[in-house]
Amino acid sequence: MLWNLNKVIISQNDGLPVDWRGMSPSGRVLVEIGFGNGEFLEFLAGSNPDALIVGVEVSQWCAAKGARRILAAGYENARVMHGDARFLLRHCFAPESVERVYMNFPCPWPKTRHASRRVTVPSFADLMKYLISPGGAFELATDVDWYALETAEVFSGDPAFRADPVAVNPARPYVTKYERKWKAMGKDTWHLTIHKDVKLTEKPAGEDDWPMECEASTKKSVKEVIDSLKDCEGEGVGGKGHWVFRDAFLSDGGVGLMLVITADEEFEQHFYLKVIPNPRGVTIKVDSVGHPYRTPAMRAALLKALAAAEN
Ligand SMILES: C[S@@+](CC[C@H](N)C(=O)[O-])C[C@H]1O[C@@H](n2cnc3c(N)ncnc32)[C@H](O)[C@@H]1O
């Protein structure tokens, strides 16, 4: 969900990804991941009046707080998105459209079972490669030395990136709430800038082109299709994520509705698949009311429904 402060601009896949450069006075776009109380976002908006600043925050409370802060400051060049940056940055941004991505004091997720949430995982470097324009950069500030070093190492494994040496306690144009608390305890902070100098040569493999509906030639009735799917579950495309079919309903008009729950890493979605009769069989469609993103688990659920109708 995206707010232009208190107004919803985007709430579904239609028109995605957005090219934010068209909304920026100069075409420059800056992104902050996990803006917390929004003060750095406000600083970016004030110090870059020619750029569009987009903040992505997974906590609804923080997203609302950040939006209120920007609104109170009167900045027109900032937008706030509520959701998981790992998905929103991939689905809601055009490739190579962001000049700089800032991440201040992310949780380092020290437990092994949470390792996939770290920015040190290769999929995060891939995401930055997709998002950042040639000549752009990713900036990380952290209170954990190994986190900065590990991030530098992972990005350095990809020739698209060049990492500056990790800096300890450098002078910064703005110090965030988290950083102030940390410094007040007399502790150090680590800062890393990763540059992306090259342009992507291939269109990034992604989910944008996946259709949200398909047609099956079948002699099965809608009821037979939905009955055969109830409680089925499986892996997402490429073994990524998981999906499960739950309740099924048949409307008076003969349209089947299946509740689908998907989990891509820890990103959960609930939405309906519609099974609609047509003269050749059935059309299976992702119902837009749930506004699901195209993810590997969503795609696999749709393909499973198609296969069930055809077999
Ligand atoms: C420790 S706080 C730091 C807040 C702020 N950047 C600062 O320096 O004061 C980390 C923030 O990242 C947000 N966050 C964590 N995971 C996220 C994700 N996957 N996408 C977007 N925001 C996330 C949290 O909700 C939280 O507000």
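**Exercise 1.** State which residues of α7 and α8 meet, and sort them by class.

*Solution.* Step 1: contact means heavy atoms within 4.5 Å. Helices are DSSP runs (H or I, at least four residues), numbered from the N terminus. Step 2: on the α7 side, Val-225, Ser-228 and Leu-229 take part, and they meet Lys-304, Ala-305, Ala-308 and Ala-309 of α8. Step 3: by class, this contact of α7 with α8 has five nonpolar residues, one polar and one charged. Here Ala, Val, Leu, Ile, Met, Phe, Trp, Tyr, Cys and Pro count as nonpolar, Asp, Glu, Lys and Arg as charged, and the others, Gly among them, as polar.

The model is predicted: local features need pLDDT of at least 70 and side-chain atom pairs pLDDT 80 or more, while totals for chains, interfaces and linings use all residues. Residues are numbered from 1 along each chain as its sequence is written, and side-chain values use heavy atoms, without hydrogens and water.

**Exercise 2.** Describe how α7 and α8 are oriented to each other.

*Solution.* Step 1: the axes of α7 (residues 222-229) and α8 (residues 296-310) come within 9 Å and cross at roughly 125 degrees. Axes are lines fitted to C-alpha atoms over the stretch in contact, and angles run from 0 to 180 degrees between N-to-C directions. Step 2: angles under 35 degrees count as roughly parallel, over 145 as roughly antiparallel, 65 to 115 as roughly perpendicular and the rest as oblique. Step 3: α7 and α8 are therefore oblique.

**Exercise 3.** Find the polar contacts (pairs of N or O atoms within 3.5 Å) of the ligand with Asp-84, Ala-85 and Thr-176.

*Solution.* Step 1: a ligand nitrogen is 3.0 Å from a side-chain N or O atom of Asp-84. Step 2: a ligand nitrogen is 3.0 Å from a polar backbone atom of Ala-85. Step 3: a ligand oxygen lies 2.8 Å from a polar side-chain atom of Thr-176.

Note on methods: Helices (H or I, at least four residues) and strands (E, at least two) are DSSP runs, numbered from the N terminus. A polar contact is a pair of N or O atoms within 3.5 Å; within protein, one must be able to donate a hydrogen and the other to accept it, and residues adjacent in sequence count only if both atoms are side-chain atoms.
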